[in-house]
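Visitor: I have this chain on my screen and would like to go through it with you. Please keep it plain.

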Amino acid sequence: MQRVFKDKPPRLDLIFQRSHSPVYFVTFNTHTRATLLATAEVHEAFVEYCRRAGEFGIGVGRYELMPDHIYLFVCFGIGCKITLGDWIKGLKGELDRVLLLIGHEPAKIPGQRLYSFWQPGFNDHLLRSDESYAQKWEYVFQNPVRGGLVARAEDWPYAGEIVRIDRT
């Protein structure tokens, strides 16, 4: 007897696309939480990749590169053909290229098959109309201070905004 699988229910992003473009709060980590990301080269590559995203109907709002993880807010325009997963995979691939160029090697743990700069996957949270982009950003913005990396959040050089996403 062949097993029949029901169709997956639509993700909330499909529902929210009917009224406005969905905005995701995304974070992903380096494999083994290696501190590789807080460099001018990685930051420059990240910004360039995010600027090019506009050509595909994708807008990256505020972002922050921490030494071992990345936070960003990303908005997919109505009708965008690229999925969030595919876009993040492309971003990780571009950052892989830069990390290799500046002399880093992907993490390899004995007994594990994973040989990568990144933990598998990413965490995403779809912002709904009653959630505040500004409040979430304030939490993210203060991370370098909480982590003891700078005295003032404004002094952290690896944060910014590519395009303005109006969800405040």
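Guide: A word on names to begin with: helices (H or I, at least four residues) and strands (E, at least two) are DSSP runs, numbered from the N terminus. Keep in mind also that this is a predicted model.

Visitor: Ok. Let me pick a residue. What is the place of Ile58?

Guide: Ile58 is in strand E2.

Visitor: Is Ile58 buried or exposed?

Guide: Ile58 counts as buried, because its relative accessibility is 3% and buried means under 20%.

Visitor: And what does Ile58 touch?

Guide: Leaving out residues up to four places away in sequence, Ile58 touches Ala53, Val74, Cys75, Phe76, Cys80, Ile82 and Trp87. As for Lys81, the C-alpha atoms of Ile58 and Lys81 are 9.8 Å apart, with their positions 23 residues apart in sequence.

Visitor: Let's zoom out. How many helices and strands are in the chain?

Guide: There are 5 helices and 7 strands. Read from the N terminus, the order of the elements is α-β-α-β-β-α-β-β-β-α-α-β.

Visitor: How much of the chain do buried residues make up?

Guide: Buried residues are 42% of the 168 residues. Another figure for the whole chain concerns contacts between residues at least 6 apart in sequence: 72% of these join residues at least 24 apart.

Visitor: Back to details. At what angle do H2 and H3 pack?

Guide: The angle between H2 and helix H3 (residues 84–101) is about 145 degrees, and their axes are 10 Å apart. Their crossing is right-handed.

Visitor: Why give both an angle and a distance?

Guide: Because two packed helices are described by the angle between their axes together with the distance between those axes.

Visitor: Which residues in H2 meet which in H3?

Guide: On the H2 side they are Glu41, Val42, Ala45, Phe46, Tyr49 and Cys50; on the H3 side they are Trp87, Gly90, Leu91, Glu94, Leu95, Val98 and Leu99. Sorted by class, this contact of H2 with H3 has 10 nonpolar, 1 polar and 2 charged residues.

Visitor: Trp87 came up before, I think.

Guide: Right, Trp87 is among the residues that Ile58 touches.

Visitor: Next helix. Which residues of H4 are buried?

Guide: In helix H4 (residues 133–141) the buried residues are Tyr133, Trp137, Val140 and Phe141. They lie on the same side of H4, because they cover an arc of only 95 degrees around the axis.

Visitor: How does spacing in sequence go with pointing the same way?

Guide: An α-helix has 3.6 residues a turn, so residues three or four places apart point the same way.

Visitor: What covers the buried residues of H4?

Guide: The cover includes the strands E1, E2 and E3, strand E6 (123–127), helix H5 (143–146) and strand E7 (159–161).

Visitor: Change of topic: charges. How many salt bridges does the structure hold?

Guide: It holds 5 salt bridges. One of them is between Arg33 and Asp68, with the closest N and O atoms 3.0 Å apart. This pair links distant parts of the chain, 35 residues apart: Arg33 is in the loop between strand E1 (23–29) and helix H2 (40–52), and Asp68 is in the loop between strand E2 (58–65) and strand E3 (69–76).

Visitor: How accessible is Asp68?

Guide: Asp68 has 14% relative accessibility and counts as buried, whereas its partner Arg33 is partly exposed at 39%.

Visitor: Which residues do salt bridges join into one network?

Guide: Arg152 forms a salt bridge with Asp155, at 2.9 Å between the closest N and O atoms. The side chains of Glu154 and Arg152 meet in a salt bridge too, at 3.9 Å from N to O. Salt bridges with shared partners thus join Arg152, Glu154 and Asp155 into one network. Glu154 is exposed, with a relative accessible area of 51%, while Arg152 is partly exposed at 47% and Asp155 is partly exposed at 39%.

Visitor: Last one. Back in the loop with Arg33, what is phi of Arg33?

Guide: Phi of Arg33 is near 55 degrees, a positive value in a residue other than glycine. Thr32 lies in the loop between E1 and H2, and phi of Thr32 is near 60 degrees, also positive. Most residues other than glycine have a negative phi. Thr32 is partly exposed, with a relative accessible area of 43%.

Methods. Residues numbered from 1 in each chain as written. Predicted model: local features only at pLDDT ≥ 70, side-chain atom pairs only at ≥ 80, totals over all residues. Heavy atoms only, no water. Salt bridge = Lys/Arg side-chain N within 4 Å of Asp/Glu carboxyl O. Buried < 20%, exposed > 50% of the residue type's maximum accessible area, 1.4 Å probe, protein only. Axes fitted to C-alpha atoms, helices over the stretch in contact; angles between N-to-C directions. Left-handed = near helix turned anticlockwise from the far one by under 90°. Contact = heavy atoms within 4.5 Å. Nonpolar A, V, L, I, M, F, W, Y, C, P; charged D, E, K, R; others polar. Arc of directions from axis to C-beta.
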